[in-house]
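Work through the exercises below with the sequence and the 3D view at hand. Try each task before reading its solution.

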2 protein chains.
Amino acid sequence: MDRPSRQYRGKSAEQRTADRREQLLEAGLTVFGREGGDRATMTAICQEAGLTERYFYESFSGRDELLVCVVERIADEIRERALAALAESERGPEERARAAIAAFVAVLTDDPRKGRVAVVESTGSEPVRVRRRELLRQFAGLVAVESRELWGDRALQPPHDQIAALLFVGGLAELTTAWLGGEIDVTPDQIVEAATRQYAFTAHR
Amino acid sequence: MDRPSRQYRGKSAEQRTADRREQLLEAGLTVFGREGGDRATMTAICQEAGLTERYFYESFSGRDELLVCVVERIADEIRERALAALAESERGPEERARAAIAAFVAVLTDDPRKGRVAVVESTGSEPVRVRRRELLRQFAGLVAVESRELWGDRALQPPHDQIAALLFVGGLAELTTAWLGGEIDVTPDQIVEAATRQYAFTAHR
DNA sequence: CATATCTGACATGAAGCTCTGTCAATTGAC
DNA sequence: GTCAATTGACAGAGCTTCATGTCAGATATG
């Protein structure tokens, strides 16, 4: 009933809980990105985090909830950095698009774990896949809205804008996957260039 | 040492083995497509096929080998029907591309199990994912080769043709996924149309 | 019919994961 | 210093799957 909460190692109960949650998310990103979705078990993540399973349930209901959070944080970062890139960019439509795409690719290349999780492993387990789809649609919507800003009257009308956005986002994901897997010999710049070119064509009429 | 093989229910030992293999592949397609990659266990597949685990090992070394075979058969069918569509089509480059794309989409829509397996579930477990990537690259290469036939001198040079092909194939997969999941309100025709339009633009200079 | 092969149902053990519980050691509050 | 809160290590039950084994009944052959 009462709350026998007190300081421990100079931190409040809330801070400690938050710290452990952060440790678990970080460990989840590491294991998920390194070992893959199959081996990203609660046991493995707890071991990586140096915490007991008990603390897992303190912050998450189970494996899937954590993995979804991991994916979500990456999506947040991509969104933030892409929007920031758009805010900074003041040039023409195509240049603005290029800046946003470059920001997206940069997130995935700066931290390989994030790249693998976001683009490869996020399609593994069902709950994560569902969330991935929602996020992708969200980005597709963002792309569609931004297209209207960029192209004005020449922007596509629904549902053609959604179709174009999905074609664009899916293609970029596949291309990034191939690059992350070392299966195609291209530079991140070439990826950005090709994606920008395609976007510039498909996002308006 | 010797081969105590004989007829059983009017079939030879080889036929019976082949029949069971076929049953398992069919059951694998059904379970894989209905329940998803997580639940497509050997146990479940054997139950669906009405066979014992013993016969599983008769034809496959394990779960992954069967799932890879399932994916491969779908890929074969897509390849065959796409090439057949190209062979029948005698019109211009864009029309030929449309015919091939329509054949691809048709395979996935004629049998929803195949659609889900090929486009959604094939990204689940690692060995299947690896095979999926190989097949996608193969198709991307096919797209690249065909582009050279279609566009001649105006076709892209390596690695730009591979980049364009991956952007195209990945986008088509994502769009098809959204459609199969009922997340976007489009018709197969619209998918074919949008994909054709994009292909016609990105596959040459 | 007699015998060997083939089949399908069931049993079994090993392994991994989830989730709960126990308990000694550490740390902070009084 | 004393005591309660907190932590981390570990044990263990329950579950699912994998992989192999057993065995009675069905089927073909002579």
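## Exercise 1: Annotated spans

UniProt, in an unreviewed entry, assigns the annotation "domain: HTH tetR-type" to residues 18–78 of chain A. The model examined here is a predicted one.

Task: describe the backbone of residues 18–78 of chain A, then that of the "DNA-binding region" that UniProt places in chain A.

Solution. Step 1: residues 18–78 of chain A are 80% helix and 0% strand. The C-alpha atoms at the two ends of this span are 23 Å apart.

Step 2: the UniProt record (unreviewed entry) puts the "DNA-binding region" at residues 41–60 of chain A. This span is 75% helix and 0% strand, and its end C-alpha atoms lie 13 Å apart.

## Exercise 2: The fold of one chain

Task: state how many helices and strands chain A has, and how its residues are arranged overall.

Solution. Step 1: count the elements. Chain A has nine helices and zero strands, so that the order from the N terminus reads α-α-α-α-α-α-α-α-α.

Step 2: take the dimensions. The C-alpha trace of chain A spans about 65 × 40 × 30 Å along its principal axes.

Step 3: look at burial and contacts. Chain A has 205 residues, of which 43% count as buried. If one takes the contacts in chain A between residues at least 6 apart in sequence, 64% of them join residues at least 24 apart.

## Exercise 3: Two domains

Task: give the domains of chain A and describe where they touch.

Solution. Step 1: the domain assignment gives domain 1 (13–60) and domain 2 (68–203) of chain A. Their centres, taken over C-alpha atoms, are separated by 28 Å.

Step 2: nine residues of domain 1 of chain A and 10 residues of domain 2 of chain A take part in the contact. On the side of domain 1 of chain A that touches domain 2 of chain A there are three nonpolar residues, five polar and one charged.

## Exercise 4: A helix checked by length

Task: test whether the length of helix H1 (residues 13–35) of chain B agrees with its number of residues, and find what its buried residues pack against.

Solution. Step 1: H1(B) has 23 residues, and at 1.5 Å a residue it should span 33 Å. The end C-alpha atoms are 32 Å apart, which agrees.

Step 2: list the buried residues of H1(B). They are Leu24(B), Leu25(B), Ala27(B), Gly28(B), Leu29(B), Val31(B), Phe32(B) and Gly33(B).

Step 3: find their partners. The buried residues of H1(B) pack against helix H2 (42–49), helix H3 (53–59), helix H4 (63–88) and helix H6 (112–120) of chain B.

Step 4: look just past the helix. Gly36(B) follows H1(B), and its phi is positive, near 100 degrees.

## Exercise 5: The pair of chains

Task: work out how chain B is related to chain A, and which elements of chain B touch chain A.

Solution. Step 1: chain B is superposed on chain A by a rotation of 180 degrees with 0.0 Å of shift along the axis, at an RMSD of 0.1 Å. This is the relation of a two-fold axis. The same surface serves both copies, as 100% of the contact residues of chain B recur in chain A.

Step 2: the contact takes 32 residues from chain B and 33 residues from chain A. In chain B, the elements giving two or more residues are helix H7 (126–151), helix H8 (160–180) and helix H9 (188–202). H8(B) gives the most, with 13 residues.

Step 3: sorted by class, the side of chain B that touches chain A has 14 nonpolar, 11 polar and seven charged residues.

Definitions and conventions:
Residues are numbered from 1 along each chain as its sequence is written. Chains are lettered from A and ligands numbered from 1 in the order in which they are written. This is a predicted model: local features need pLDDT of at least 70, side-chain atom pairs count only at pLDDT 80 or more; totals for chains, interfaces and linings use all residues. Copies are superposed by least squares on the C-alpha atoms of residues with pLDDT of at least 70 in both. Two residues are in contact if their C-beta atoms, placed from the backbone, lie within 7 Å. UniProt positions are given in the numbering used here, feature names are shortened, and annotations may be inferred rather than shown by experiment. Helices (H or I, at least four residues) and strands (E, at least two) are DSSP runs, numbered from the N terminus. Ala, Val, Leu, Ile, Met, Phe, Trp, Tyr, Cys and Pro count as nonpolar, Asp, Glu, Lys and Arg as charged, and the others, Gly among them, as polar. Domain bounds come from an automatic or database domain assignment. The expected span of a helix is 1.5 Å times one less than its number of residues. A residue is buried if 20 or more other C-beta atoms lie within 10 Å of its own, exposed if 12 or fewer, and partly exposed in between; C-beta atoms are placed from the backbone.
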